[in-house]
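Here's a small protein model to work through with a viewer open. Have a go at each task yourself before you read the solution under it.

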Amino acid sequence: MSRTAQPDPRATLRAGLPDRYLTPDDIATIFKVPKETVYQWRRKRTGPPGFRIGKHVRYDPADVRTYVAECRRADVA
């Protein structure tokens, strides 16, 4: 059984919108934080906005980009 290499989510965000929604694992990789931190952000509504599809949490790359831009603006101010 051959495994296909998954693209680096950070490179995907830099190159343009991916053709898929991001998972909590992707968010943890992008921000270099534990996955539990991603779930805490969601519970506290402090991180990038996610949404549920059934029992799965997903993140729209455009929303993640907007979140990062807002964090940068807040850090500069």
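What follows is a set of exercises, each with a worked solution.

This is a predicted model, so to speak of a local feature takes pLDDT of at least 70 and a side-chain atom pair counts only at pLDDT 80 or more, while totals for chains, interfaces and linings use all residues. Residues are numbered from 1 along each chain as its sequence is written, and side-chain values use heavy atoms, with hydrogens and water left out.

**Exercise 1. The overall layout**

Work out which elements the protein has and in what order they run.

Step 1: count them up, and you get four helices and two strands. Here helices (H or I, at least four residues) and strands (E, at least two) are DSSP runs, numbered from the N terminus.

Step 2: read along from the N terminus, and the order is α-α-α-β-β-α.

Step 3: check the burial. Of the 77 residues, 23% count as buried; buried means under 20% relative accessible area, exposed over 50%, and partly exposed in between (1.4 Å probe, protein chains only).

Step 4: look at the surface. The protein exposes about 5,900 Å², with carbon and sulfur atoms supplying 51% of it.

**Exercise 2. The hairpin**

Find how β1 and β2 pair, and which face of β2 is covered.

Step 1: strand β1 (residues 50-53) pairs with β2 in the antiparallel sense, over four bridges. Two strands pair if DSSP finds at least two bridges between them.

Step 2: for a landmark, find R52, which stands opposite V57 in β2.

Step 3: go to the turn. The hairpin has two residues between the strands, and G54 takes a positive phi near 65°.

Step 4: sort β2 (residues 56-59) by face. V57 and Y59 make up the covered face, H56 and R58 the uncovered one.

Step 5: see what T23 touches. T23 sits in the loop between α1 and α2. Setting aside neighbours within four places in sequence, T23 is in contact (heavy atoms within 4.5 Å) with V57, R58 and Y59.

**Exercise 3. Two helices crossing**

Describe how α2 and α3 pack.

Step 1: the angle is about 105° and the axes are 8 Å apart. Axes are lines fitted to C-alpha atoms, for helices over the stretch in contact, and angles run from 0 to 180 degrees between N-to-C directions.

Step 2: that makes α2 roughly perpendicular to α3, a label that covers angles of 65 to 115 degrees (under 35 is roughly parallel, over 145 roughly antiparallel, the rest oblique).

Step 3: list who makes the contact. On α2 that's P24, D25, I27, A28 and F31; on α3, K35, V38, Y39 and W41.

Step 4: pick out the buried residues of α2, which are P24, D26, I27, A28 and I30.

**Exercise 4. The aromatic pairs**

How many aromatic pairs are there, and what does the pair of Y21 and F51 tie together?

Step 1: set the rule. Rings of Phe, Tyr and Trp (its six-membered ring) pair if their centres lie within 6.5 Å; planes under 30 degrees apart count as stacked, over 60 as edge-to-face and the rest as tilted.

Step 2: the count comes to three. One of them is Y21 with F51, edge-to-face at 5.1 Å centre to centre and 85° between the planes.

Step 3: place the partners. Y21 lies in the loop between α1 (9-15) and α2 (24-31) and F51 in strand β1, so the pair ties together parts 30 residues apart in sequence.

Step 4: check their exposure. Y21 is partly exposed at 41% relative accessible area, and F51 is partly exposed at 28%.

Conventions:
Areas by Shrake-Rupley, 256 points an atom, 1.4 Å probe, with all protein chains shown as cover.
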